[in-house]
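Here are my notes on the model, point by point. Please read them with the structure open.

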Amino acid sequence: MKNSKKRVLIVVNTQFPYGKSEDFLSNELEYAAGFDEIVCFPILVYGAKTFEDIIYKKPKESVTFYNSALSYKSKSRIVKLLFLTCTNSKFYKELWLLMQTNRLTLRNIKQLFIFLFIANNALNDLEKVVKEKYKNCDVVLYSYWMYISAFVIITLKKKFQKTIHFEKKITRCHRFDLYEYANAGRYLPMREYILSEMDEIHSISKDGVSYLNKEFPQYNDKLKLSRLGSLDKGIKIFPKSETLHLVSCSWMRPVKRVSAILEAVSKIFVKIEWVHYGDGEEFEKISKMAAQIDNPSVAVKLMGAYSNEKILAEYANKTYDVFINVSENEGVPVSIMEAMSFGKIIIATNVGGTAEIVENGVNGFLLDKDFTNEELVLVLTKIALLEAEEFNEMCRQSRRIWEERCNAEANYQKFYQQLKVNSVQ
């Protein structure tokens with residue numbers, strides 16, 4: 001007999017669709033088949049919101065958005081959240097864990113407290129929404145990050161597991177929410193608890209799966225590889241010219257090392273034009289550095305903030321040859337996938353899962369995490385001096401690897417097909 005219950009996917013994330021940090025979730029939800037309704041709850045967005053506040057492309061009609069009605073402006077709410085956080089037994093269990101592992105620092109205690117405080121704030125509103133709107137539904141709980149939102153869906157299920165049918169609770173994990181060693185305090189709150197309570201853990205990279213396998217082998221049966229992807233906007237390989245056209249796209253933060261690109265470009269002696277999309281805390285500093293370059297072979301353009309849609313249009317129409325990303329750490333960068341889809345040669349640091357899509361000497365070149373300026377100059381010069389056919393072949397290989405591993409349509413359809421199949425079982 002066919003199930004007549006409404007099937008709902010509840011996605012708990014951080015800012016989508018009102019903030020700038022989760023633009024790729026917009027593409028993913030286009031392929032979220034098998035549900036009568038999709039609900040998004042961004043835990044770091046507060047106050048009344050309307051459809052007009054959405055900064056991404058307007059979603060399907062079946063996507064509904066909720067968020068916390070209040071931030072922490074209400075005194076009574078603050079008192080309630082402080083009480084819930086300070087009386088949570090898990091808070092003290094985590095403190096004991098930190099003591100046992102020699103990580104009990106003021107920074108880590110603060111991180112744990114804020115983690116639980118934000119989680120309680122989100123739960124205050126999300127519990128009401130679920131109880132009022134989705135009590136008689138079949139629900140899949142999906143945390144986009146293996147961090148606060150993952151703790152939220154676990155707590156939500158425990159609260160309503162006797163009254164609401166939850167098919168499963170799953171989480172993705174990317175980079176900051178995955179690698180504890182990359183965190184300044186070598187600590188991510190509630191790590192063991194989240195892993196133990198989650199039904200499925202979907203890493204966006206093989207490297208992430210391997211890391212969790214090594215650190216937490218007892219949860220091996222929960223680990224899955226579920227790659228992100230980018231949309232197919234067509235391949236655009238331009239004829240090689242005398243000038244090497246270099247492009248990058250990222251926030252201007254220390255971790256992204258945009259200044260390292262500028263330093264290498266300024267010292268090169270082949271004709272090169274570098275264009276960077278994105279702003280951030282280092283924009284002014286890097287702009288001043290760029291203005292002081294005294295090299296007639298070099299042209300630098302810092303474009304500032306651009307929407308993702310406009311950047312992709314630029315990739316399609318401007319004669320960019322090479323995309324560069326020299327970040328200190330990554331998951332599997334969607335920005336690299338997007339460039340690959342157009343057939344761009346890639347220069348990237350061998351961090352996270354980047355090597356899973358950038359093959360050294362095939363569609364680009366991988367640098368060590370702690371590369372020197374001379375090494376980057378050498379790679380840029382090497383690409384500039386490639387013969388036209390070899391250059392074009394690397395471009396074609398970039399597109400081929402994208403088609404095999406980074407196509408959003410294929411990757412997201414596979415992800416949601418899994419959820420559909422498992423629900424039938």
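1. Helices and strands here are DSSP runs numbered from the N terminus, a helix having at least four residues and a strand at least two. On that numbering, Leu104 sits in the loop that links helix 3 (89-100) to helix 4 (106-133). Keep in mind throughout that this is a predicted model.

2. Start with the surface at that loop. Leu104 joins Trp96 and Met99 in a nonpolar patch of about 320 Å². The relative accessibility of Leu104 is 40%, so the residue counts as partly exposed, the class between 20% and 50%.

3. Next, the seven-stranded sheet. It is open, its pairing is parallel, and its strand order is 3-2-1-4-5-6-7. Strand 3 (63-65) and strand 7 (223-225) are the edges, each pairing on one side only. From one strand to the next, the twist averages 25 degrees.

4. Look at one edge of that sheet. Strand 7 pairs with strand 6 (residues 200-203) through three bridges, in the parallel sense. His202 has Lys224 in strand 7 as its bridge partner. Helix 5 (residues 148-160) lies across strand 1 (7-13), strand 4 (138-143) and strand 5 (165-173). The helix runs at about 170 degrees to strand 5.

5. A second open sheet has six strands, in the order 10-9-8-11-12-13, again with parallel pairing. Strand 10 (298-304) and strand 13 (364-367) each have a single partner strand, so one side of each lacks a neighbour in the sheet. Here the twist averages 15 degrees from one strand to the next.

6. Now the pairs inside the six-stranded sheet. Six bridges hold strand 8 and strand 9 in parallel pairing, with Val247 opposite Val275 in strand 9. Five of the six residues of strand 9 are buried, so the rest of the structure largely encloses this strand. Strand 11 (residues 322-325) runs parallel to strand 12 (residues 345-349), and four bridges join them. Asn325 stands opposite Ala348 in strand 12.

7. Which helices cover this sheet? Helix 12 (residues 373-384) lies across strand 8 (244-249), strand 9 (272-277), strand 11, strand 12 and strand 13. Its direction is at about 175 degrees to strand 13. Helix 13 (residues 388-405) also packs on the sheet, touching strand 8, strand 12 and strand 13. The angle between helix 13 and strand 12 is about 70 degrees.

8. The model has 21 salt bridges. One of them pairs Arg399 with Asp232, the closest N and O atoms being 3.0 Å apart. Arg399 belongs to helix 13 and Asp232 to the loop between strand 7 and strand 8, so this contact ties together parts 167 residues apart in sequence. Arg399 is buried, at 10% relative accessible area, whereas Asp232 is partly exposed at 43%.

9. Helix 13 also holds Arg400 and Glu404, four residues apart, about one turn of the helix. They form a salt bridge with the closest N and O atoms 3.1 Å apart. Arg400 is partly exposed at 29% relative accessibility. Salt bridges with shared partners also join Asp232, Arg399 and Glu403 into one network.

10. Last, a residue on the outside. Lys288 is in helix 9 (residues 283-291). Is this residue buried or exposed? Lys288 is exposed, because its relative accessible area is 57%, above the 50% cut-off. Its C-alpha atom is 39 Å from that of Phe113, 175 residues apart along the chain.

Terms used
Residues numbered from 1 in each chain as written. Predicted model: local features only at pLDDT ≥ 70, side-chain atom pairs only at ≥ 80, totals over all residues. Heavy atoms only, no water. Patch = residues over 30% accessible without salt bridge, like charges linked within 9 Å, V, L, I, M, F, W, Y side chains within 5 Å. Areas by Shrake-Rupley, 256 points an atom, 1.4 Å probe, with all protein chains shown as cover. Salt bridge = Lys/Arg side-chain N within 4 Å of Asp/Glu carboxyl O. Buried < 20%, exposed > 50% of the residue type's maximum accessible area, 1.4 Å probe, protein only. Pairing = 2+ DSSP bridges. Axes fitted to C-alpha atoms, helices over the stretch in contact; angles between N-to-C directions. Contact = heavy atoms within 4.5 Å.
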